[in-house]
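Here are a few short exercises to work through with the structure open beside you. Try each task yourself, then follow the solution step by step.

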Amino acid sequence: MTAFRFTVNATPVEVDVPGMRRLLDVLREELALTGTKEGCGEGECGACTVLLDGAPVDSCLVPICQVDGATIATVEGLAPAPGSLDALQTAFLETGGAQCGICTPGMLMSGRAYLDAGGGPDDDAIREAIAGNLCRCTGYTKIVEAIAQAASGGNPG
């Protein structure tokens, strides 16, 4: 085994695991960051989306050896402080964008990447940004509304 060093949610970490261990498993099992969900395990559903150096990736497809020296952001890192929510999380809450919760962490992370890249409240652009994330509960409308609300500075519609 090899020690891999990287940053998760602004905290430097080191894990001693096999290099081909999935990032998803390291986050959930070694680092106790269970907000990232496993849906399909094949990179098809987006439930395990995290940001790798700012880009959304399916953590079920990323071997830990590929994140050595990188910066990872998970859903746990969105809130600015314990007990608070960021604007995107607040918008999901206010619009009903979260239902069963399986896709929510991945949707939030894809939405965060979109917003961080300067994305605006354009429905088509938002739908393209979250295209790698599947939801079986919402029909996407409320999720798109939430991301558009956050892009508009927290103002609905």
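**Exercise 1. Work out where Thr 74 lies, whether Thr 74 is buried or exposed, and which side chains make polar contacts with its side chain.**

Solution.
- Step 1: This is a predicted model, and in it Thr 74 belongs to the loop between β5 (71-73) and α2 (87-95).
- Step 2: Buried means under 20% relative accessible area. Thr 74 has 0% relative accessibility, so Thr 74 counts as buried.
- Step 3: The side chain of Thr 74 makes a polar contact with the side chain of Asn 9 (2.7 Å), and another with the side chain of Glu 76 (2.7 Å).
- Step 4: Leaving aside residues up to four places away in sequence, Thr 74 touches Val 8, Asn 9, Leu 27, Leu 33, Thr 36, Val 50 and Met 109.

**Exercise 2. Find how many disulfides the whole structure has, then check Cys 103 and Cys 137.**

Solution.
- Step 1: A disulfide is a covalent bond between the sulfur atoms of two cysteines. To count here, the two sulfur atoms must be within 2.5 Å.
- Step 2: Searching the whole structure gives zero disulfides.
- Step 3: For Cys 103, the nearest cysteine sulfur belongs to Cys 135 and is 3.7 Å away, and Cys 103 is in no disulfide.
- Step 4: For Cys 137, the nearest cysteine sulfur is that of Cys 100, 3.8 Å away, and Cys 137 is in no disulfide either.
- Step 5: Cys 103 is buried, with a relative accessible area of 10%, whereas Cys 137, at 38%, is partly exposed.

**Exercise 3. Compare the span of helix α3 (residues 104-116) with the expected value, and explain why α3 is described as largely enclosed.**

Solution.
- Step 1: At 1.5 Å a residue, the 13 residues of α3 should span 18 Å. The end C-alpha atoms are 18 Å apart, which agrees.
- Step 2: Twelve of the 13 residues of α3 are buried, so the rest of the structure largely encloses this helix. Among them are Met 107, Met 109, Arg 112 and Tyr 114.
- Step 3: The buried residues of α3 pack against β3 (49-52), β4 (55-58), β5, α2, α4 (123-129) and α5 (141-151).
- Step 4: Just after α3, Gly 118 takes a positive phi of about 95 degrees.

**Exercise 4. Describe the surroundings of Thr 138.**

Solution.
- Step 1: Thr 138 sits in the loop between α4 and α5, and its 15% relative accessibility means that Thr 138 counts as buried.
- Step 2: Not counting residues up to four places away in sequence, Thr 138 touches Gly 97, Gln 99 and Ile 143.
- Step 3: A polar atom of the Thr 138 side chain lies 2.9 Å from the backbone nitrogen of Tyr 140.

Terms used
Residues numbered from 1 in each chain as written. Predicted model: local features only at pLDDT ≥ 70, side-chain atom pairs only at ≥ 80, totals over all residues. Heavy atoms only, no water. Helix = DSSP H or I, 4+ residues; strand = E, 2+ residues; numbered from the N terminus. Buried < 20%, exposed > 50% of the residue type's maximum accessible area, 1.4 Å probe, protein only. Polar contact = N/O pair within 3.5 Å; in protein donor to acceptor, adjacent residues only side chain to side chain. Contact = heavy atoms within 4.5 Å. Expected span 1.5 Å × (residues − 1).
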